[in-house]
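Biologist: I am new to this structure. Please choose one part, look at it closely, and walk me through it step by step.

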Amino acid sequence: MLIDSHCHLTHEFYENNLEELIKDSIELGISNFITIGTSVLENQKVIQVSENYENIFCTVGIYPHENQELTFDNLKKSLEENINSSKKIVGIGECGIDITNRDSQRKLEDQKSLFEMQLSLAVKYGIPVTVHNRNGDEIILNILKKYSSNNLRGVIHCFDSNWSFAKNVLDLGFYISFSNMVTYPKKDALLEVVKNVPKDRFLIETDSPYLPPQSMRGEINYPKYVKIVAEKVAQIKQKTFNEVSELSFKNTCSLFNICCQNL
Ligand SMILES: [Zn+2]
């Protein structure tokens, strides 16, 4: 019994085989999925998919570089319309900070405002936030601190930082989600986080179709490979596969307030 707490089932890679993908995953023990919105268009799609399948939940959000053509007011309005439109929406995101040297990226100051707008919605609607972090540890921490007194809850997804940052976000009540990055070489800092994270504060995910396991680098990732994340986490935490499956399932349902039938 596993849940993929962060995947992108509306990605074009799955357009023609979603039904099969879900069936395959269920046969392998992955019973539930949270599919993640990244833009105004994707948000509509994730809502649709989660309305179509009982075992799929979704989040709506604006990724740091998406919808640069729209004003923050319009984006906020769109997200609020989304939130009010479906009971399958269990969180806001993915949103956060993404620092690269690509020309197409949103300016950092604007990224911060967009992130804060989404955090304020998460607080307003009492739902958790899924945080994306690329090279933004300190900025994210400072922003999350501002909202932590407002009962902001959430998860740092695809965690790829060190124990010091992990400890700080755990102290704010956040969860940490591990992806197949735990199978990549030279990830000593990340593996230390896996080892140290309390058993009631971690999730597992695939971020499919991105970030396949090390043995499949360069290929399309699938939710079924969340099993590989669970295996690796179990090995590092010196627990059994079943223990890690159960803990991560329970933690995900608790964070996103999901009543999964299989729990
Ligand atoms: Zn993602």
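**From an exposed loop to the zinc site**

Modeller: Q238 counts as exposed, because its relative accessibility is 75%, and exposed means over 50%. The model is a predicted one. Q238 sits in the loop between α8 and α9 (241-256). Its phi is near 50°, a positive value in a residue that is not glycine. Most residues other than glycine have a negative phi, and most peptide bonds are trans.

Now take D207. Its phi is also positive, near 55°, and D207 is not glycine either. D207 is found in the loop between β8 and α8. Is D207 buried or exposed? D207 counts as buried, because its relative accessibility is 8%, and buried means under 20%.

The same loop, between β8 (202-204) and α8 (226-237), holds P209. The peptide bond that joins S208 and P209 is cis, with omega about 5°.

D207 leads to the part I want to show you. It is a donor of the zinc ion, through OD. Which other protein atoms are donors of the zinc ion? They are NE2 of H6, NE2 of H8 and OE of E94. These donors lie 2.1 to 2.2 Å from the zinc ion. Along the chain, their spacing reads H-x1-H-x85-E-x112-D. Both histidines, H6 and H8, are buried.

What about the geometry? The angles among the 4 donor atoms run from 86 to 173°. The site is irregular, because a tetrahedral one needs all angles between 85 and 135 degrees.

E94 deserves its own look. It belongs to strand β4 (residues 89-98). The peptide bond from G93 to E94 is cis, with omega near 20°.

Two of the zinc donors also bring us to the largest pocket: E94 and D207 are among the lining residues nearest its centre. Y63, H132 and Y210 are the others named there. How many residues line this pocket? There are 29. The space in the pocket is about 650 Å³. Two elements, α2 (40-52) and β5 (129-134), each give two or more residues to the lining. The largest share, 3 residues, comes from β5. By type, the lining has 9 nonpolar, 10 polar and 10 charged residues.

To recap, D207 is a buried residue, has a positive phi, is a donor of the zinc ion, and lies among the residues nearest the centre of the largest pocket.

Notes
Residues are numbered from 1 along each chain as its sequence is written. This is a predicted model: local features need pLDDT of at least 70, side-chain atom pairs count only at pLDDT 80 or more; totals for chains, interfaces and linings use all residues. Side-chain values use heavy atoms; hydrogens and water are left out. On a 1 Å grid over the protein atoms alone, a cavity is a set of points where a 1.4 Å probe fits but cannot get out, and a pocket is an open set with protein on both sides within 12 Å along at least five of seven lines; lining residues have an atom within 4 Å of a point. Grid points are joined across faces, edges and corners, and a volume is the space filled by probe spheres set on the points. Helices (H or I, at least four residues) and strands (E, at least two) are DSSP runs, numbered from the N terminus. Ala, Val, Leu, Ile, Met, Phe, Trp, Tyr, Cys and Pro count as nonpolar, Asp, Glu, Lys and Arg as charged, and the others, Gly among them, as polar. Donors are N, O and S atoms within 2.8 Å of the metal (3.2 Å for Na, K and Ca); water is not among the atoms, so sites may look incomplete. Four donors count as tetrahedral if all angles lie between 85 and 135 degrees; four count as square planar and six as octahedral if opposite donors are over 155 degrees apart and all others between 65 and 115; anything else is irregular. Buried means under 20% relative accessible area, exposed over 50%, partly exposed in between (1.4 Å probe, protein chains only).
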